[in-house]
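Trainee: I have not looked at this protein before, and I would like to go through it slowly with someone. Could we open the structure and take it one question at a time?

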Amino acid sequence: MYNISVVGATGAVGQEMLHMLELRNFPVNKIYPFASSRSKGKKVLFKDKEYEIIELTKENVKKYSKDIHLVLFSAGASVSKEFAPIFAEENIFVVDNSSAWRMQPEIPLVVPEVNPHTLSKDKKIIANPNCSTIQMVVVLAPIHKVAKIKRIVVSTYQSVSGAGGKAMIELFEETKKVLSQLEKEKTLMSHNIKSFVIEKTQPFVLPKQIAFNLIPQIDIFLQNLYTKEEMKMVNETRKILEDENIKISAQCVRVPVFRSHSESVWIETEKKISVDETKDILSSLKSVKIIDDPFNTDPNLRYPTPIDASQQQITYVGRIREDLSCDNGLVFWIVSDNLLKGAALNAVEILEEMLKRDII
Ligand SMILES: NC(=O)c1ccc[n+]([C@@H]2O[C@H](COP(=O)([O-])OP(=O)(O)OC[C@H]3O[C@@H](n4cnc5c(N)ncnc54)[C@H](OP(=O)(O)O)[C@@H]3O)[C@@H](O)[C@H]2O)c1
């Protein structure tokens, strides 16, 4: 049995980490939940037991680390950079959910179904990839093995929970505000199409209003005019698939959805692979489910949507078809819960894999 610390235990991902540890019956003896001074006095629940939040300070880490076996970090990159090495120096394994360590060559960047062999006893810090990267590589890795992917073009439709709990509240509050304004003007009652004018609201967390809108910016812009999120997809995918030659281009968009990211993915392969062969490969995967029956009379069986994937531990794929614009091309629609497979579930699965391999 392990004593496990969750750093960022009050956050959107941290709460799901606790939930996944409990739901998947990971052998937990005791929880040490860390957060910032803002959460002083707050408590989290694990297996019907309340645990008081511990403020993340160097003194507290020193004080409690003797009794901690494993740490799940989900409190942002700067917190990870400062505190993960302190745990690692005490010989404690750290699975970090931020971008702090992902691209360091010596740090394993792990999706257990894809590259579990990169885990080892001497690598104390393990990076959990970006949410949009995880769901894409889970589907593409087995295809890469068989047909060798040369090029990937991806557009994402990312939910607000990807930007944390406060962004979920922002979508909720903005939506309420816009709807109450429309209702006041009796727009909905009169169905006067011309008066469906949305007044802009003032965003606090996301760069622009998200209610009834889309934002083609996730994270900051870089010199090459891509965003940091887009370049995470490029660099992390190459590292996980262990192939620096794959050409990748991404466009990441925030959408007014609470949970689950969706992705349109176009791939070009070296070897021709048919839609049926692709479906055979994907249907053999435990963590992937194909929903792809466009002419089914039941809309639930035609393709997956973010609501279908919400709170599910599975990555869904649909709309599989040949790309009309090139010879060996395929198109996919991939949907997964960003807080689960995109973050908390993948982190817990890393621990499970380490247990299986006798690393912990
Ligand atoms: N959301 C996703 O889908 C997703 C997916 C993959 C990776 N990630 C990454 O996971 C991390 C957390 O994301 P989130 O969505 O859970 O964010 P969140 O809802 O904003 O939660 C942030 C958590 O970090 C804690 N925290 C912040 N500053 C801290 C500090 N100085 N010391 C100690 N604790 C601190 C917060 O504690 P307080 O409550 O005390 O402020 C809170 O528990 C980020 O690095 C994010 O990039 C998120």
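What follows is a conversation about the domains, the ligand and a few single residues of this predicted model.

Trainee: Which domains does the domain assignment give, and how many Å apart do their C-alpha centres lie?

Mentor: The domain assignment gives domain 1 as 2-129 + 343-356 and domain 2 as 133-164 + 213-338. Where they meet, 23 residues of domain 1 and 16 residues of domain 2 take part in the contact. From one C-alpha centre to the other, domain 1 and domain 2 are separated by 27 Å.

Trainee: Where does the ligand lie with respect to domain 1 and domain 2?

Mentor: The shell around the ligand consists of 26 residues, and among the closest are Thr 10, Val 13 and Ser 161. Both domain 1 and domain 2 give residues to this shell, so the ligand lies between them.

Trainee: Which side chain has a polar atom 2.5 Å from an oxygen atom of the ligand?

Mentor: Two of the ligand's polar partners use the backbone: a polar backbone atom of Val 13 is 2.9 Å from a ligand oxygen, and a polar backbone atom of Gly 165 is also 2.9 Å from a ligand oxygen. The side-chain partner at 2.5 Å belongs to Ser 39.

Trainee: How much of the ligand's accessible area does the protein cover, and which elements give two or more residues to the shell?

Mentor: On its own the ligand has 900 Å² of accessible area, and the protein covers 78% of that. The elements that give two or more residues to the shell are helix 1 (12-23) and helix 10 (340-356).

Trainee: How many residues of the shell are charged?

Mentor: Sorted by class, the shell holds 15 polar residues and 10 nonpolar residues. The number left for the charged class is 1.

Trainee: Is Arg 259 buried or exposed, and with which side chains does Arg 259 make polar contacts?

Mentor: Arg 259 sits in the loop between strand 10 (247-254) and strand 11 (261-269), and its relative accessibility of 13% is under the 20% cut-off, so Arg 259 counts as buried. Beyond four places in sequence, the residues that Arg 259 touches include Ser 161, Met 168 and Pro 306. Its side chain makes a polar contact at 3.0 Å with the side chain of Glu 16, and another at 2.8 Å with the side chain of Asp 337.

Trainee: Which backbone oxygen does the side chain of Thr 269 reach?

Mentor: Thr 269 belongs to strand 11 and is buried, with a relative accessible area of 2%. Apart from neighbours within four places in sequence, its contacts include Ile 143, Ala 147 and Asn 328. At 2.7 Å, the side chain of Thr 269 reaches the backbone oxygen of Lys 271.

Trainee: How many Å apart in space are Ile 359 and Leu 119?

Mentor: Ile 359 is in the segment after helix 10, and with a relative accessibility of 10% Ile 359 counts as buried. Leu 119 is one of its contacts, along with Phe 93, Ser 120, Lys 121 and Met 354, when neighbours within four places in sequence are left aside. Although Ile 359 and Leu 119 are 240 residues apart in sequence, the distance between them in space, C-alpha to C-alpha, is 8.1 Å.

Methods
Residues are numbered from 1 along each chain as its sequence is written. This is a predicted model: local features need pLDDT of at least 70, side-chain atom pairs count only at pLDDT 80 or more; totals for chains, interfaces and linings use all residues. Side-chain values use heavy atoms; hydrogens and water are left out. A residue is near a molecule or strand if one of its heavy atoms lies within 4 Å of it. A polar contact is a pair of N or O atoms within 3.5 Å; within protein, one must be able to donate a hydrogen and the other to accept it, and residues adjacent in sequence count only if both atoms are side-chain atoms. Accessible areas come from the Shrake-Rupley method with a 1.4 Å probe; for residues, only the protein chains shown count as cover. Helices (H or I, at least four residues) and strands (E, at least two) are DSSP runs, numbered from the N terminus. Ala, Val, Leu, Ile, Met, Phe, Trp, Tyr, Cys and Pro count as nonpolar, Asp, Glu, Lys and Arg as charged, and the others, Gly among them, as polar. Domain bounds come from an automatic or database domain assignment. Buried means under 20% relative accessible area, exposed over 50%, partly exposed in between (1.4 Å probe, protein chains only). Contact means heavy atoms within 4.5 Å.
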